[in-house]
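Work through the exercises below with the sequence and the 3D structure open beside you. Try each task before reading its solution.

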Amino acid sequence: MKTALAAVVLLTAALAANAQSASSSFFPQETETAAADASATRDYLAAKERWHNELAAFARADQERFPGPGGVVFVGSSTVRMWTRLAQDFPRVPGGVVNRGFGGSTLNDCSLFARDLVVRYKPRQVVVYAGDNDLAEGRTPLQVLDSFARLANAVRAELPDTRISFVSVKPSPSREQLMPQIRETNHVISAYLNLLPNSEFIDVYTPMLGADGRPRPELFRGDKLHMTDEGYRLWHAVIAPHLPSIAPGSTASLP
């Protein structure tokens, strides 16, 4: 157990250092760098094909009204996409809120689209929710951490002052068998963020559990995966203190 924990600490330290420096030192050999770049390109092109309709919808929305810089971008899976009142729930965020959730996506997908769905909007903060689909597909907590670190690295490389927030993987009743992996994922990503300046881990996992330590059923729809309005109200209460806000009575920088 101590060996495993030591490995996690070393890995998170290496990933955090890579995200801060955005340098090539993480892949010291040029041949390894070229191979990694080629693999990333193949993965990106495959993901663009797989998510063609969703990306096209985002492009149409941008053509109608391109978000101004300095707002907050929420990116992630269907939990973000289905937060249809996201902008209304955070009306006093300077620069506004941009929803770039796409249903069924993984944290790996989000890392591939970091520039398309985050960097291009030049936000002051990005809020990420994904990871449970990765675990459901069989990825390990450390693989999920690696995906998040790649996303953070891509954002920091071009937007060094942007705050990076990760919303913990939620405890869905339909995925209760994955809760040990969910807890470990939350643990290693939290440890990683502790080493990354201007970042934070937002814990929704704990308040979504009942006194019996199991997911609170009233927070979830009939599919036991997606959230009810009550679930989103809980998320709003937890996340709101972590977002920038304009003081009441001021209209400066409101969208």
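## Exercise 1: The chain as a whole

In this predicted model, residues 24 or more positions apart account for 77% of the contacts in the protein chain with a separation of 6 or more.

**Task.** State how many helices and strands the protein chain has, and what percentage of its residues count as buried.

**Solution.**
1. Start with the secondary structure: the protein chain has 11 helices and five strands.
2. Turn to burial. The chain has 255 residues, and 45% of them count as buried.
3. Add the surface. About 12,400 Å² of the protein chain is exposed, and 54% of this area is supplied by carbon and sulfur atoms.

## Exercise 2: The largest cavity

**Task.** Find which residues line the largest cavity, and which element gives the most to its lining.

**Solution.**
1. Search the whole structure: one cavity of 30 Å³ or more is found. The volume of the largest cavity is about 30 Å³.
2. List the lining of the largest cavity: Phe74, Val75, Val80, Trp83, Val127, Val128, Tyr129, Val167, Trp235 and Ile239.
3. Assign the residues to elements. Two or more lining residues come from each of β1 (72-76), β3 (125-129) and α11 (229-239).
4. Pick out the main contributor: β3 gives the most, with three residues.
5. Sort the lining by class. The result is 10 nonpolar residues, no polar ones and no charged ones.

## Exercise 3: Aromatic rings

**Task.** Classify the ring pair of Phe74 and Trp83, then the pair of Trp83 and Trp235.

**Solution.**
1. Recall what is needed: a pair of aromatic rings is described by the distance of the centres and the angle of the planes.
2. Count the aromatic pairs in the structure: there are 13.
3. Take Phe74 and Trp83. Their ring centres are 5.9 Å apart and their planes stand at 75°, so this pair is edge-to-face. Planes over 60 degrees apart count as edge-to-face.
4. Check burial, for which the cut-off is under 20% relative accessible area. Phe74 has 2% and is buried; Trp83, at 3%, counts as buried too.
5. Take Trp83 and Trp235. With ring centres 6.2 Å apart and planes at 75°, this pair is also edge-to-face.
6. Locate the two tryptophans. Trp83 is in the loop between α4 (78-81) and α5 (86-89), while Trp235 is in helix α11, so their pair ties together parts 152 residues apart in sequence. Trp83 and Trp235 are both buried.
7. Follow the ring pairs further: they join Phe74, Trp83, Phe90, Tyr129, Tyr232 and Trp235 into a cluster.

## Exercise 4: The second largest pocket

**Task.** Describe the lining of the second largest pocket by element and by class.

**Solution.**
1. Note the volume of the second largest pocket, about 260 Å³.
2. Count the lining: 14 residues, of which Arg65, Pro67, Gly96, Val97 and Val98 lie nearest the centre of the pocket.
3. Look at elements. Strand β2 (residues 97-101) supplies the largest share of this lining, four residues.
4. Look at classes: eight residues of the lining are nonpolar, four are polar and two are charged.
5. Relate Val98 to another residue. Val98 and Ala87 are 11 residues apart in sequence, with their C-alpha atoms 7.3 Å apart. Ala87 belongs to helix α5 and, at 41% relative accessibility, counts as partly exposed.

## Exercise 5: Three loop residues

**Task.** For Lys122, Asn198 and Gln177, decide between exposed and partly exposed.

**Solution.**
1. Fix the cut-off: exposed means over 50% relative accessible area.
2. Lys122 lies in the loop between α7 (114-117) and β3. Its relative accessibility is 51%, so Lys122 counts as exposed.
3. Asn198 lies in the loop between α10 (179-194) and β5 (199-202). At 32%, Asn198 counts as partly exposed.
4. Gln177 lies in the loop between β4 (163-167) and α10. At 56%, Gln177 counts as exposed.
5. Inspect the backbone. Most residues other than glycine have a negative phi. Phi is positive in Lys122, near 50°, and in Asn198, near 55°.
6. Finish with a distance: Gln177 and Ala136 are 41 residues apart in sequence and 9.9 Å apart in space, C-alpha to C-alpha.

Definitions and conventions. Residues are numbered from 1 along each chain as its sequence is written. This is a predicted model: local features need pLDDT of at least 70, side-chain atom pairs count only at pLDDT 80 or more; totals for chains, interfaces and linings use all residues. Side-chain values use heavy atoms; hydrogens and water are left out. On a 1 Å grid over the protein atoms alone, a cavity is a set of points where a 1.4 Å probe fits but cannot get out, and a pocket is an open set with protein on both sides within 12 Å along at least five of seven lines; lining residues have an atom within 4 Å of a point. Grid points are joined across faces, edges and corners, and a volume is the space filled by probe spheres set on the points. Ala, Val, Leu, Ile, Met, Phe, Trp, Tyr, Cys and Pro count as nonpolar, Asp, Glu, Lys and Arg as charged, and the others, Gly among them, as polar. Rings of Phe, Tyr and Trp (its six-membered ring) pair if their centres lie within 6.5 Å; planes under 30 degrees apart count as stacked, over 60 as edge-to-face and the rest as tilted. Buried means under 20% relative accessible area, exposed over 50%, partly exposed in between (1.4 Å probe, protein chains only). Contact means heavy atoms within 4.5 Å. Accessible areas come from the Shrake-Rupley method with a 1.4 Å probe; for residues, only the protein chains shown count as cover.
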